[in-house]
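Student: Please take me through some of the labels used for this model, and say what each one rests on.

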Amino acid sequence: MKKISMILSVIFGAIILDQLSKGILLYLITGGVPLYGPAWEIVPVPYLMAHVCDIFNFVFTWNPGTSFSLFRTLGESAPLVIVILTGFVIGFILHYLFYRSKSFERVPLALIAGGAIGNLIDRIRFGAVIDFLDFHIGGWHWPAFNIADICIVVGVGLYILNMYLARCRCIKQTKDGK
């Protein structure tokens with residue numbers, strides 16, 4: 001029961017932070033928080049919301065592709081294809097997370113699942129994901145991203161780190177004869 005509570009807390013925490021941040025942005029721009037509708041009818045043009053410092057802006061943009069604007073070129077079928085693929089990936093992660101995961105895999109996989117679900121909610125509601133964090137150096141801009149993307153990237157990073165550390169522990173125990 002403790003395992004399930006921890007997993008659900010991380011997943012729902014990621015989803016809530018992501019959706020809350022996007023809801024605040026929508027409210028600031030539109031004066032309300034639309035529950036659904038075609039993205040570009042709700043906010044038709046991406047724009048700069050606030051210049052924070054020389055390397056960071058808050059922007060508002062719709063991303064019909066995947067994390068960090070990947071696969072934007074799939075065309076009109078992109079939202080449906082991405083929703084279906086994302087659903088399968090989330091289902092696989094959740095199944096593994098609840099039934100087969102080791103303790104060191106749970107937080108990273110829960111972050112990945114929570115981030116993916118956060119972006120999936122946008123895709124289902126609007127046909128695109130809201131991105132708003134814009135880092136840049138001079139004229140070079142990293143693709144805008146959001147809290148869900150951060151959860152996914154941090155989750156993947158922690159997963160890789162934890163797998164490496166677990167492997168090192170296993171090798172050390174084998175050498176020590178334990």
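Tutor: This is a predicted model. Start with Asp149 and Asn119, whose side chains are joined by a polar contact of 2.9 Å.

Student: Why is that called a polar contact?

Tutor: The cut-off is 3.5 Å between N or O atoms. The value for Asp149 and Asn119 is 2.9 Å, so the distance meets it.

Student: Where is Asp149 found?

Tutor: In helix 5, which covers residues 147–176.

Student: How do you know that Asp149 has no salt bridge?

Tutor: A salt bridge needs a nitrogen to oxygen distance within 4 Å. The nearest side chain of opposite charge to Asp149 is Arg123, 6.8 Å away, so no salt bridge is counted, although Asp149 is buried.

Student: How many aromatic pairs are there?

Tutor: The count comes to seven. One of them is Trp40 with Trp62, at 6.3 Å centre to centre and 55 degrees between the planes.

Student: What makes the pair of Trp40 and Trp62 tilted?

Tutor: Centres must lie within 6.5 Å, and tilted planes are neither under 30 nor over 60 degrees apart. With 6.3 Å and 55 degrees, Trp40 and Trp62 therefore form a tilted pair. The pair links distant parts of the chain: Trp40 is in helix 2 and Trp62 in strand 2, 22 residues apart.

Student: Why is Trp62 called buried and Trp40 partly exposed?

Tutor: Buried means under 20% relative accessible area, and partly exposed lies between that and 50%. Trp62 has 2%, so Trp62 is buried; Trp40 has 41%, so Trp40 is partly exposed.

Key: Residues are numbered from 1 along each chain as its sequence is written. This is a predicted model: local features need pLDDT of at least 70, side-chain atom pairs count only at pLDDT 80 or more; totals for chains, interfaces and linings use all residues. Side-chain values use heavy atoms; hydrogens and water are left out. Rings of Phe, Tyr and Trp (its six-membered ring) pair if their centres lie within 6.5 Å; planes under 30 degrees apart count as stacked, over 60 as edge-to-face and the rest as tilted. Helices (H or I, at least four residues) and strands (E, at least two) are DSSP runs, numbered from the N terminus. Buried means under 20% relative accessible area, exposed over 50%, partly exposed in between (1.4 Å probe, protein chains only). Lys and Arg count as positive and Asp and Glu as negative; His and the chain ends are not counted. A polar contact is a pair of N or O atoms within 3.5 Å; within protein, one must be able to donate a hydrogen and the other to accept it, and residues adjacent in sequence count only if both atoms are side-chain atoms.
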